[in-house]
Amino acid sequence: MSAPLTTTDAVRSAVRAFIEAEYDEGRALTDWLNVLVDSGWAVPTWPTEWFGHGLAPDLAASAYEEFAAVGAPGPPSGLAVMLAAPTIIAHGTEEQKQRFVRPVLVGDEAWCQLFSEPAAGSDLAGLKTRAELDGDEYVINGQKVWTSGAHYADFGMLLARTDVDAPKHRGITYFALPMAQPGIEVRPLRQMTGDALFAEVFMTDVRVPAANIIGELNGGWGVGNTTLSNERVGLGAGSSLSFPVATPGGRRLATQREGSIAELKARVRGVVSPRPTSAGGAAMIGAGAGPLIKLASDTGRGDEPAVRQQLARLHALNQLNRWNGLRGRAAIKAGGRPGPEASLGKLMTSHISRAWRDTAATIAGPQSLLAGGDGLLNGTVEIQMLAAPGPSIYGGSDQVQRNIIGERVLGLPREPDVSKNVPFRELTVGTQSKESTS
Ligand SMILES: Cc1cc2nc3c(=O)[nH]c(=O)nc-3n(C[C@H](O)[C@H](O)[C@H](O)COP(=O)(O)OP(=O)(O)OC[C@H]3O[C@@H](n4cnc5c(N)ncnc54)[C@H](O)[C@@H]3O)c2cc1C
């Protein structure tokens with residue numbers, strides 16, 4: 001019988017034995033993913049009944065190191081695994097968990113997050129998208145914006161207003177919205193990096209079964225907060241708790257899951273050339289100071305005190321954030337939900353993103369503006385010059401994180417909100433008038 005997974009040694013030897021028995025780069029990728037998910041190693045911190053081993057984050061980190069040693073691909077890295085599945089595990093019915101969790105881990109279904117609206121970003125509870133009951137379905141009308149990966153998603157984590165007579169936080173419901181249906185129009189938005197990784201989503205008479213409500217009717221604010229807390233943990237922790245290669249998820253990317261593990265890895269390496277996307281820039285946050293230490297050394301600037309100080313600061317910030325991320329995941333494991341350290345990590349990630357950009361600019365000077373194949377680190381430096389502000393906005397802006405830290409960590413008085421107890425239909429939200437909510 002194998003040893004209980006309570007020590008680093010036990011975890012490492014269990015993972016090594018699993019790799020020895022199952023990992024073969026000639027193996028079909030989908031076959032590997034299924035075995036990985038069933039083994040509990042795809043998401044080792046998740047509960048044992050939902051494809052995990054219930055491991056503490058420090059033990060899980062050892063497992064990931066073993067997979068990194070062989071470069072093994074893991075489940076998709078997108079919002080389905082980071083946000084949708086943990087939210088459904090926390091709030092969904094047994095039937096919903098059975099239906100939705102496994103398909104995201106094996107890559108069959110991708111999700112997007114339909115939260116933000118043109119007049120509801122930081123003030124998310126002001127959202128206006130409406131859901132009205134028609135038989136055993138709800139009919140959705142409204143617009144979302146900045147929806148990352150909407151064009152690849154099979155389902156959307158949709159927050160919609162189901163009661164305009166209730167105060168704004170109490171009339172919202174959380175739905176699992178099927179994206180492939182008439183009435184959903186996804187219009188990509190181009191970022192200043194040149195990529196279009198997010199989109200506007202227009203919904204006109206779109207339908208969703210009442211059975212797809214996650215949590216309670218009008219209880220969507222609490223469910224949405226589980227998603228947001230997981231987002232702060234996921235974005236704030238960098239890449240310390242993940243596989244070295246993520247599998248492309250969703251039906252639209254099904255062809256990218258065809259073939260062997262080796263073919264996927266070759267494709268992933270190919271994507272980095274000739275120009276990485278801003279997602280590649282964001283990945284630099286998790287990559288830490290390593291690539292820049294090499295860049296300083298390659299360009300002969302590794303002995304300069306100013307460069308060394310910036311590199312040391314970047315390394316220290318990364319290490320601190322990694323430990324904070326482990327602390328955040330330990331809080332999830334202990335209490336079932338992320339604690340306020342998640343906001344510290346999210347805020348730190350914004351700092352690290354800017355520190356990475358500034359350190360790269362110090363080392364490379366004007367060359368940091370060269371793009372694509374001409375650029376440094378295969379163009380990633382230039383991408384990060386443009387992508388660095390992103391983390392200060394997505395997943396809740398820096399200012400909003402500071403509000404959360406002030407209120408929930410430091411115990412400062414809550415931010416006043418005069419609209420909190422007023423029926424939503426009486427509020428002026430964006431361009432909303434009384435007519436538009438009636
Ligand atoms: C790359 C990227 C990807 C994204 N992906 C998604 C996604 O997949 N799904 C999704 O739903 N959304 C997504 N977003 C949207 C993101 O969550 C919002 O942009 C963010 O919450 C801010 O909302 P806003 O843009 O409406 O700005 P606003 O809320 O209008 O804020 C404007 C400014 O006012 C400040 N501010 C607002 N309220 C307060 C306050 N109470 N106290 C102090 N300062 C305040 C903000 O910090 C900000 O500086 C994404 C954004 C980006 C940049």
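**Charged pairs, aromatic contacts and burial in the model**

Glu185 is partly exposed, with a relative accessible area of 39%, where partly exposed denotes the range between buried (under 20% relative accessible area) and exposed (over 50%), evaluated with a 1.4 Å probe and with protein chains only. The structure is a predicted model, in which local features need pLDDT of at least 70 and side-chain atom pairs count only at pLDDT 80 or more, whereas totals for chains, interfaces and linings use all residues. Residues are numbered from 1 along each chain as its sequence is written, and side-chain values use heavy atoms, with hydrogens and water left out.

The side chain of Glu185 meets that of Arg187 in a salt bridge, with an N to O distance of 2.8 Å; a salt bridge is taken here as a side-chain nitrogen of Lys or Arg within 4 Å of a carboxyl oxygen of Asp or Glu. Arg187 is likewise partly exposed, at 37% relative accessibility, and it also lies over the face of Phe202, at 4.1 Å from the ring centre. For such a contact, NZ of Lys or CZ of Arg must be within 6 Å of the ring centre and within 35 degrees of the ring normal. A further contact of this kind involves Arg161, whose charged end sits over the ring of Phe424, 3.5 Å from its centre. Phe202 is separated from Ile140 by 62 residues in sequence and by 10.0 Å in space, C-alpha to C-alpha. Ile140 belongs to strand β4 (residues 137-148) and is buried, its relative accessible area being 0%. Strands (E, at least two residues) and helices (H or I, at least four) are DSSP runs, numbered from the N terminus.

Overall, the protein contains 14 helices and nine strands, and its C-alpha atoms fill a box of roughly 65 × 55 × 45 Å along the principal axes. The radius of gyration is 22 Å, in agreement with the value near 22 Å that a compact globule of 438 residues would have; this radius is taken over C-alpha atoms, and the globule rule is 2.2 Å times the number of residues to the power 0.38. Of the 438 residues, 50% are buried.

The count of salt bridges comes to 22. Among them is the pair of Glu65 and Arg12, with an N to O distance of 2.6 Å. This pair links distant parts of the chain, 53 residues apart, as Glu65 is in helix α3 (residues 57-70) and Arg12 in helix α1 (residues 8-22). Glu65 is partly exposed, with a relative accessible area of 41%. Arg12 and Glu65 are also members of a salt-bridge network that includes Arg16 and Glu66. In another salt bridge, the closest N and O atoms of Asp31 and Arg27 are 3.0 Å apart; Asp31 is partly exposed at 36% relative accessible area, whereas Arg27, at 18%, counts as buried.

Aromatic pairs number 13, a pair being counted if the ring centres of Phe, Tyr or Trp (its six-membered ring) lie within 6.5 Å, with planes under 30 degrees apart classed as stacked, over 60 as edge-to-face and the rest as tilted. The rings of Phe115 and Tyr174 have centres 6.0 Å apart and planes at 85°, so this pair is edge-to-face. Because Phe115 lies in the loop between β2 (111-114) and β3 (130-134) and Tyr174 in strand β6 (residues 172-178), the pair ties together parts that are 59 residues apart in sequence. Both Phe115 and Tyr174 are buried. Elsewhere, ring pairs join Phe18, Tyr23, Trp32, Tyr64, Phe67 and Phe243 into a cluster.

Trp46, placed in the loop between α2 (29-39) and α3, is buried at 11% relative accessibility. Trp46 and Ala56 are 10 residues apart in sequence, with 9.4 Å between their C-alpha atoms. Helix α12 (residues 380-387) is largely enclosed by the rest of the structure, because seven of its eight residues are buried; these are Thr380, Val381, Glu382, Ile383, Gln384, Met385 and Ala387.

At the surface, Val409, Leu410 and Leu412 make a nonpolar patch of about 290 Å². Patches consist of residues with over 30% relative accessible area and no salt bridge, like charges being joined within 9 Å and nonpolar side chains (Val, Leu, Ile, Met, Phe, Trp, Tyr) within 5 Å; accessible areas come from the Shrake-Rupley method with a 1.4 Å probe, and for residues only the protein chains shown count as cover. Leu412 is located in the loop between α13 (398-409) and α14 (434-437) and is partly exposed, at 48% relative accessibility.
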